[in-house]
Amino acid sequence: MREGRWILRDVDWQVAPTDRWVLVGPNGSGKTTVVRIAALYLHPSVGTVDVLGQRVGRVDVRSLRTRVGLASGGLSAMLRPQLLAVDAVMTARFAALEPWWHRYDERDRARAAGLLERMGVGHAADRPLATLSDGERQRVALARTLMTDPELLLLDEPAAGLDLAAREDLVGRLAALAAEPAAPPLVLVTHHVEEIPPGFTHAMLLRDGHVVAAGPIDTTLTADTLSAAFGLTVHLEHRAGRWSAWAQH
């Protein structure tokens with residue numbers, strides 16, 4: 001609750017170790033708030049939250065955050081534009097924003113460079129973030145989430161602002177990550193079902209801070225639930241592992 005208004009209410013949600021969740025809903029539906037709570041940057045007003053087996057409020061969130069990989073527009077905006085891409089990834093080892101406050105060694109730098117290569121932006125390792133395209137910065141952000149071998153991966157609208165080619169590249173990389181048996185549980189936030197990668201197993205749809213539907217994606221993400229979440233009549237198609245939606249006017 002904020003200033004007497006419920007941002008989220010009656011949310012009962014559990015992510016299992018092999019789950020790949022997508023959170024879908026319009027602006028203001030509560031998606032980012034869910035992620036901020038799961039990422040330990042926001043405490044609930046009521047109820048309980050457990051992250052990786054630890055009860056929020058009874059654990060040092062600074063150490064627990066290093067076990068959670070987070071990519072969000074808010075976090076990316078906090079990174080200094082002149083920070084090198086490799087440093088932006090490397091500093092995630094301590095959930096830091098700058099390399100000045102902790103000690104790093106060549107193994108840390110090599111791991112960060114390797115993750116940038118894995119995400120297809122190895123060529124940008126020694127370039128400032130300000131010189132990268134939106135797509136390159138999003139891939140740097142994804143590489144950053146993997147720096148600590150996280151036990152939970154949270155991606156808040158990673159495809160926001162990307163053109164078609166950059167979006168499809170990112171969706172492909174997320175699909176590959178989702179298919180890895182050793183990958184941690186994933187939670188992806190999006191407004192657009194077209195951004196859901198193949199291999200995602202569950203969906204939660206939100207509207208005005210309430211859960212419209214949650215469960216296995218094939219039975220939960222339907223034209224009816226999507227229409228209820230966005231407040232208009234929506235047609236939904238699922239083909240070749242991808243989703244598409246359009247409104248009936």
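**Helix H7 and the sheet it packs on**

The buried residues of helix H7 pack against strands E1, E5, E6 and E10 (242–247) and against helices H5 (106–118) and H6 (134–145). The model described here is a predicted one, and H7 offers a convenient way into it. The residues in question are Leu170, Val171, Leu174, Ala175, Leu177 and Ala178. Viewed down the axis of H7, these buried residues fall within an arc of 160°, so they line one face of the helix. On the face turned away from that buried side, H7 carries the exposed residues Ala165 and Ala179.

The length of H7 can be checked with simple arithmetic. With 16 residues at 1.5 Å a residue, H7 should span 22 Å, and its end C-alpha atoms are indeed 22 Å apart, which agrees. At the start of the helix, a side-chain oxygen of aspartate 163 comes to within 3.3 Å of the backbone nitrogen of alanine 165.

Attention now turns to the sheet. Strands of a sheet pair through backbone hydrogen bonds, in either a parallel or an antiparallel manner. Here, six strands make up an open sheet with mixed pairing, and their order is E4-E5-E6-E1-E7-E8. Strands E4 (68–72) and E8 (210–216) stand at the edges; each has a single partner strand, so one side of each is left without a neighbour in the sheet. From one strand to the next, the twist averages 10°.

At the E4 edge, E4 and strand E5 (residues 152–156) run parallel and are joined by five bridges. Valine 68 stands opposite leucine 152 of E5. Helix H7, formed by residues 164–179, packs on the sheet, where it touches E1 (20–24), E5 and E6 (186–190). The direction of H7 makes about 155° with that of E6. A further helix, H9 (residues 223–230), lies across E1, E7 (202–207) and E8. The direction of H9 runs at about 35° to E7.

Finally, a look at the segment before E1 brings in arginine 2, which lies there. Is this residue buried, exposed or partly exposed? Its relative accessibility is 40%, and the partly exposed class lies between 20% and 50%, so arginine 2 counts as partly exposed. Neighbours within four places in sequence aside, arginine 2 is in contact with Ile7, Leu42, His43 and Ser45. Glycine 135, by comparison, is 133 residues from arginine 2 along the chain, and the C-alpha atoms of the two are separated by 34 Å.

Notes: Residues are numbered from 1 along each chain as its sequence is written. This is a predicted model: local features need pLDDT of at least 70, side-chain atom pairs count only at pLDDT 80 or more; totals for chains, interfaces and linings use all residues. Side-chain values use heavy atoms; hydrogens and water are left out. Two strands pair if DSSP finds at least two bridges between them. Helices (H or I, at least four residues) and strands (E, at least two) are DSSP runs, numbered from the N terminus. Axes are lines fitted to C-alpha atoms, for helices over the stretch in contact, and angles run from 0 to 180 degrees between N-to-C directions. Contact means heavy atoms within 4.5 Å. The expected span of a helix is 1.5 Å times one less than its number of residues. Buried means under 20% relative accessible area, exposed over 50%, partly exposed in between (1.4 Å probe, protein chains only). The arc is that of the directions from the helix axis to the C-beta atoms. A polar contact is a pair of N or O atoms within 3.5 Å; within protein, one must be able to donate a hydrogen and the other to accept it, and residues adjacent in sequence count only if both atoms are side-chain atoms.
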